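Student: I have a new structure to read. How do I start with a single residue and work outward?

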Amino acid sequence: MNKYLKFEDLHDFWNFSFRESNSYNKSSRAYKSDWYGNVSWEEAKTLAISGWIEGLNEIKKISVELSEIIATKIVRYEPEYGVGGGIVDVGAFLSNSPEYFMIKKPTEKEQEGKIVKLVCSISFSAAIDSKVIIQRGAMVCALADAIEMSGFRCEIIVNTTSFSKSRKFEVDVILKKAQQSLNITELAFCLAHPAMLRRFMFSVAELEGWADYAHAYGIPHEAKDKGDLYINEIYSYIVPNSQAINWVTEQLKKLGVQIINN
């Protein structure tokens, strides 16, 4: 069994994953515990639709400091002209301007609307603690917000991929298309709540027969399409807020965003 499912928007995913299945294994409907983020199946559905306030508070712990970094430390280059150094501006040279050498000068600037495809895997091992999932998700949400604050347009995909008996099961859900505005409430649940994987992605696996085919829903595996920026496992433990912020700024640098170091 090799299977790939792609949901073009979150509404379609909810409609599909909320359905009942005939699967023998139904971990998605198990009693609530910390492993599921302390929510039952019905409570998880309510949070998915109405929003997850606790998750937003976790994101704010990181994003408040990030906002200052984005506002004050993002670098761009604008041309400054002089009589020597740099490269020749042909237009200025032909117009007989004495200052026809163009020099790069660091200034703040947006990234001119470039589209970034961010793919975030939520294929966690069963051993990963819920608190780690929540902090990691908050980091990714803060990163998505920071990417857009930097001037990029961001397409965000949440992915789960599992492997068993030489077969693979993969699900992509488009959380945000490039032209859509960022809905941080939706992102908070989908990227940071343990129930997104352990209830709703498991429910999809049950509906598609994978839960009965693969032992324990399979082994976490990498996504096929990793986009421009692929987020897999970050840390397997809780990290200090400063370390989380450093991780986000490092991801921004991978996209070419230049950060001024103090």
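Tutor: We will take one buried arginine, then a helix that it touches. Keep in mind that this is a predicted model.

Student: Where is R199 found?

Tutor: R199 sits in helix α7, residues 194–207.

Student: How do I tell whether R199 is buried or exposed?

Tutor: Look at the relative accessible area. Buried means under 20%. R199 has 0%, so it counts as buried.

Student: Which side chain of opposite charge is nearest to R199?

Tutor: A salt bridge needs the charged atoms within 4 Å. The nearest candidate for R199 is E43, 7.1 Å away. R199 therefore has no salt bridge, as 4 Å is the limit.

Student: What does the side chain of R199 reach?

Tutor: Check backbone oxygens too. The R199 side chain reaches that of S28 at 2.6 Å. It also reaches the backbone oxygen of A30 at 2.9 Å.

Student: Which residues does R199 touch, beyond those up to four places away in sequence?

Tutor: Among them are S27, R29, Y31, Y36, W41 and A44. Distance along the chain can mislead. R199 and K26 are 173 residues apart along the chain, but their C-alpha atoms are separated by 9.2 Å.

Student: Which residues of helix α2 are buried?

Tutor: In α2, residues 41–50, they are W41, A44, K45, L47 and A48. They cover an arc of only 165° around the axis, so they lie on the same side of α2. On the other side, I49 and S50 are exposed.

Student: What covers the buried residues of α2?

Tutor: The cover includes α1, α6 and α7.

Definitions and conventions: Residues are numbered from 1 along each chain as its sequence is written. This is a predicted model: local features need pLDDT of at least 70, side-chain atom pairs count only at pLDDT 80 or more; totals for chains, interfaces and linings use all residues. Side-chain values use heavy atoms; hydrogens and water are left out. Helices (H or I, at least four residues) and strands (E, at least two) are DSSP runs, numbered from the N terminus. Buried means under 20% relative accessible area, exposed over 50%, partly exposed in between (1.4 Å probe, protein chains only). Lys and Arg count as positive and Asp and Glu as negative; His and the chain ends are not counted. A polar contact is a pair of N or O atoms within 3.5 Å; within protein, one must be able to donate a hydrogen and the other to accept it, and residues adjacent in sequence count only if both atoms are side-chain atoms. Contact means heavy atoms within 4.5 Å. The arc is that of the directions from the helix axis to the C-beta atoms.
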